[in-house]
Amino acid sequence: QETREEGSFGWRLRSAEGGCPERSASLSYRGRHGRIEGALYQRDDAFQAEASLDGALVLAGGGAFVANRIDGAFAVVDTGAPGVSVSHQNRPVGTSDRWGRLLVPDLVANEENAFSIDPADLPLDADIPMTATSAVPPRKGGVAVAFGIERQARGALVSFVDGEGAPLPVGSVGAFQGQAFFIGYDGATYLTGLGRENAVRIELPDGQVCAASFAYRSQPGEQVQLEAVPCR
């Protein structure tokens with residue numbers, strides 16, 4: 001009796017009676033990093049014990065992984081952060097390790113395999129370009145899947161106000177480092193690629209233009225919020 005599920009146990013019993021009886025018993029356990037089995041054999045008055053370990057060592061995707069035996073296609077998923085939940089074909093398959101990676105076996109070879117991550121597990125200072133992607137692994141081979149997550153993306157939620165302290169109107173269009181951004185409710189927008197000192201220009205819906213400058217300091221693991229930045 002045995003299954004391929006992690007955390008499962010298996011056992012076998014055998015007995016052959018007669019002039020020279022033979023008996024055996026074995027117990028196995030399948031964990032995250034492989035399958036271990038111990039067995040005891042008896043032949044007449046002689047006994048023998050043995051143990052075995054079955055698994056795989058995978059060197060791929062910039063990391064090394066100890067896992068159960070892999071007979072087919074697999075992927076190394078890079079989430080960019082530890083403890084991030086990963087799904088394959090909309091089915092949870094595990095969480096990323098301390099380096100932000102997860103080995104996902106039993107893929108469908110030579111076909112699109114869909115992967116996704118839970119953005120709620122990512123740090124607040126992470127830049128998240130996408131939460132779902134796909135890859136085509138070769139038969140009995142592996143593929144690297146990266147979500148392009150960046151930590152400390154030098155981003156901040158910035159709220160702009162006019163000279164009287166009122167939030168800039170929704171729909172105002174700004175420019176920062178040659179890239180356009182849009183003002184949302186309460187004069188807020190999210191900017192990335194910030195430096196120690198920053199300057200932006202914002203065009204209001206009525207055509208007027210204002211300029212703002214502000215300092216930025218990163219706060220690892222937290223989302224930086226800059227309130228009431230004046231634009232004149």
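**General note.** Two strands are said to pair if DSSP finds at least two bridges between them; strands themselves are DSSP runs (E, at least two residues), numbered from the N terminus. The views show a predicted model, in which local features need pLDDT of at least 70 and side-chain atom pairs count only at pLDDT 80 or more, whereas totals for chains, interfaces and linings use all residues. Residues are numbered from 1 along each chain as its sequence is written, and side-chain values use heavy atoms, with hydrogens and water left out.

**View 1. The sheet β17-β14-β20.** Three strands form an open sheet in the order β17-β14-β20, and their pairing is mixed. Strands β17 (188–191) and β20 occupy the edges; each has a single partner strand, so one side of each lacks a neighbour in the sheet. From one strand to the next the twist averages 25°, with strand axes fitted as lines to C-alpha atoms and angles between N-to-C directions running from 0 to 180 degrees. Strand β14 (residues 156–161) runs antiparallel to β17, and 4 bridges join the two. Within this pairing, V158 has T189 of β17 as its bridge partner.

**View 2. V170 in the loop between β14 and β15.** The loop that lies between β14 and β15 contains V170. With a relative accessibility of 46%, V170 counts as partly exposed; on this scale, buried means under 20% relative accessible area, exposed over 50%, and partly exposed in between (1.4 Å probe, protein chains only). V170 and I183 are separated by 13 residues in sequence, and their C-alpha atoms lie 5.4 Å apart in space.

**View 3. Strand β18 and its two partners.** In a regular strand, side chains alternate between the two faces of the sheet. Strand β18 (residues 197–203) shows such an alternation: the side chains of N198, V200 and I202 point to one face and are buried, while those of E197, A199, R201 and E203 point to the other and are not. Strand β15 (residues 173–176) pairs with β18 in the antiparallel sense over 3 bridges, and G174 has I202 of β18 as its bridge partner. Strand β19 (residues 209–215) is also antiparallel to β18, joined to it by 7 bridges. Here I202 is bridged to C210 of β19. I202 thus appears in both pairings, with G174 and with C210. The hairpin made by β18 and β19 has 5 residues between the strands, and in its turn G207 has a positive phi of about 95°.

**View 4. The disulfide C210–C231.** The structure holds 1 disulfide, a disulfide being a pair of cysteine sulfur atoms within 2.5 Å. The bond joins C210 and C231, whose sulfur atoms are 1.9 Å apart. Distant parts of the chain are linked in this way: C210 belongs to strand β19 and C231 to the segment after β20 (224–230), 21 residues apart. The torsion about the S-S bond is about 100°, so the disulfide is right-handed. Both cysteines of the pair, C210 and C231, are buried. Another cysteine, C20, is partly exposed, with a relative accessible area of 36%.

**View 5. The sheet β10-β7-β13.** Here an open sheet of 3 strands has the order β10-β7-β13 and mixed pairing. The edge strands, β10 (101–107) and β13 (142–146), each pair on one side only. On average, and with direction ignored, neighbouring strands of this sheet are turned by 25° against each other. Strand β7 (residues 73–78) and β10 are antiparallel partners over 5 bridges. One residue of this pairing is A73, whose bridge partner in β10 is L107.

**View 6. P92 in strand β9.** P92 is placed in strand β9 (residues 91–95). Its relative accessible area is 62%, and P92 is exposed. I117 lies 25 residues from P92 along the chain, and the C-alpha atoms of the two are separated by 9.2 Å.

**View 7. A nonpolar surface patch.** F9, W11, L13, L27, Y29 and I36 form a nonpolar patch on the surface, and together they have about 690 Å² of accessible area. Patches are made of residues with over 30% relative accessible area and no salt bridge; like charges are joined within 9 Å, and nonpolar side chains (Val, Leu, Ile, Met, Phe, Trp, Tyr) within 5 Å. A salt bridge places a side-chain nitrogen of Lys or Arg within 4 Å of a carboxyl oxygen of Asp or Glu. Areas come from the Shrake-Rupley method with a 1.4 Å probe; for residues, only the protein chains shown count as cover. Strands β1 (8–16) and β2 (22–31) each supply at least two residues of the patch, and the largest share, 3 residues, comes from β1. F9 is found in strand β1 and counts as exposed at 56% relative accessibility.
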